[in-house]
Amino acid sequence: MIGYVLRRIGLAGLMLFGLVCLTFVIANVAPSDPAALAAGPDAGRSQIEQARRDYGLDKPLPEQFLRYVTDLSQGNFGRSIATGRSVGTDLARYFPATLELVILAMLLGVLLGVPLGVISALRKDGPADHATRIFAVSGIALPPFWFGLLLQLAFATWMGLLPTSGRLSVFTEPPEAITGLLLVDSLLRGNTALFREALSHIILPAIVLSLPCLASILRVNRSEMVEALRMDYVVAARAHGVTPWRIVMVHALKNAMLPTLAIIGLRWGWMMSSTVLVETVFDWPGIGLYAVSSAIAGDFKPVMGVTLIVGLNFMVANLIVDLLYGVLDPRLRRA
């Protein structure tokens, strides 16, 4: 098991280095001139050249790449050319909002998708199975930005039940951060009113973000459960009088969860990147909205920082899934 873990960590390290190289290349082939952006719209040629020297953009590409890797190894993502602020400070400010949104969306996807997949498999070709399959296809096909606008129109504009944007109302002072997650911090401080307000703001974006994840988990879990229920060991368990609940929850579901875990890991990374659309629709102050505003301004440093954070989360999620695979299926440890 130790060798299996070390191999997976080494592979994740190689993927991370590849991502660092990719972000550096993309930043250097971008059509905009970061030095001109840093110098300002009214800057002359000499001022632009001075900004280029200040940011080290006049150095050869290998030297720039070495400096880039060295800074990243020290946790330094550089400074925003548009605002002059540290990108690392901005990411620390915006990332908790995105993390809270993704965690809640993933919980909704797993806690609803796995049971619905089991129910659909047990009621194969019945009304419940057809209904869940239609729901799964719809969840994958619906564009998130359109679905988000539809929910805003229904629950905010027509019914007035939920807010349309932000983590809190403009009149509410956020609490002093403990974890950066408003729902957790409000509970830790015993502020139930703040918890209810934060929950009301996060419900709609979490539903929009979780729908494709829920649909994917449902489809994969249903398919794997249908196959697992046909296996010889399930037939033998039935013949030996094992209770249906134990057959489903202990024998069939354990094997069906292996591909489902892979989908969960992939969807975690996908949700981290797709927050760009959801956060823009709901004006959610996370790294997705931060990346959009930076990209519009032609500020490549924050975009590179967000890309690295999203990629790192994707790799960590897949590493955890790989390790869980090794725990659930010992045969994989020799792979």
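How much space lies in the largest cavity? The answer is about 80 Å³, and the sections below place this cavity within the chain as a whole.

## Basis of the report

The model is predicted, so local features need pLDDT of at least 70 and side-chain atom pairs count only at pLDDT 80 or more, whereas totals for chains, interfaces and linings use all residues. Residues are numbered from 1 along each chain as its sequence is written, and side-chain values use heavy atoms, with hydrogens and water left out.

## Overall architecture

The secondary structure of the chain consists of 13 helices and zero strands. Helices (H or I, at least four residues) and strands (E, at least two) are DSSP runs, numbered from the N terminus. Taken along the principal axes, the C-alpha atoms of the chain fill a box of roughly 85 × 55 × 40 Å.

Of the 335 residues of the chain, 41% count as buried. Buried means under 20% relative accessible area, exposed means over 50%, and partly exposed lies in between (1.4 Å probe, protein chains only). Val234 offers an example: with a relative accessible area of 0%, Val234 is buried. This residue has its place in helix H10 (residues 232-239). The C-alpha atoms of Val234 and Pro244 are separated by 9.8 Å, and the two residues are ten residues apart along the chain.

## Cavities

Rolling a probe the size of a water molecule over the atoms shows where empty space is left. On a 1 Å grid over the protein atoms alone, a cavity is a set of points where a 1.4 Å probe fits but cannot get out, and lining residues have an atom within 4 Å of a point. Grid points are joined across faces, edges and corners, and a volume is the space filled by probe spheres set on the points. The structure holds two cavities of 30 Å³ or more.

The largest cavity is lined by Tyr68, Asp71, Leu72, Asn76, Phe77, Gly78, Lys301, Met304, Gly305 and Leu308. Helix H4 (61-73) and H13 each supply at least two residues of this lining, and H13 gives the most, with four residues. By class, the lining of the largest cavity has five nonpolar, three polar and two charged residues. In this classification Ala, Val, Leu, Ile, Met, Phe, Trp, Tyr, Cys and Pro count as nonpolar, Asp, Glu, Lys and Arg as charged, and the others, Gly among them, as polar.

The second largest cavity holds about 30 Å³ of space. Its lining is made by Gly139, Leu142, Pro144, Phe147, Val208, Leu211 and Pro212. H7 and H9 each supply at least two residues of the lining of the second largest cavity, and the largest share, three residues, comes from H9. This lining divides into six nonpolar, one polar and no charged residues.

## Salt bridges

A salt bridge is a side-chain nitrogen of Lys or Arg within 4 Å of a carboxyl oxygen of Asp or Glu. By this rule the count comes to seven salt bridges. Three of these pairs are set out in the table.

| Residue with N | Residue with O | Closest N to O separation |
|---|---|---|
| Arg167 | Glu100 | 2.7 Å |
| Lys124 | Asp125 | 3.1 Å |
| Arg222 | Asp129 | 2.7 Å |

The side chains of Arg167 and Glu100 meet in a salt bridge. This pair links distant parts of the chain, 67 residues apart: Arg167 is in the loop between helix H7 (144-158) and helix H8 (182-188), and Glu100 is in helix H5 (residues 87-122). Arg167 counts as buried because its relative accessibility is 13%, and Glu100 is buried at 6%.

Asp129 forms a salt bridge with Arg222. Asp129 lies in helix H6 (residues 127-141) and Arg222 in helix H9 (residues 192-228), so the pair ties together parts that are 93 residues apart in sequence. Both Asp129 and Arg222 are buried. Salt bridges that share partners join Lys124, Asp125, Asp129, Arg133 and Arg222 into one network. Within this network, Asp125 counts as partly exposed at 47% relative accessibility, and Lys124 counts as partly exposed at 37%.

## Nonpolar surface patch

Leu16, Leu312, Val316, Ile320 and Leu324 make a nonpolar surface patch of about 380 Å². Patches are made of residues with over 30% relative accessible area and no salt bridge: like charges are joined within 9 Å, and nonpolar side chains (Val, Leu, Ile, Met, Phe, Trp, Tyr) within 5 Å. Accessible areas come from the Shrake-Rupley method with a 1.4 Å probe, and for residues only the protein chains shown count as cover. Helix H13 (residues 300-328) gives the most to the patch, with four residues. Val316 has its place in helix H13 and counts as partly exposed, at 43% relative accessibility.

Definitions and conventions: On a 1 Å grid over the protein atoms alone, a cavity is a set of points where a 1.4 Å probe fits but cannot get out, and a pocket is an open set with protein on both sides within 12 Å along at least five of seven lines; lining residues have an atom within 4 Å of a point.
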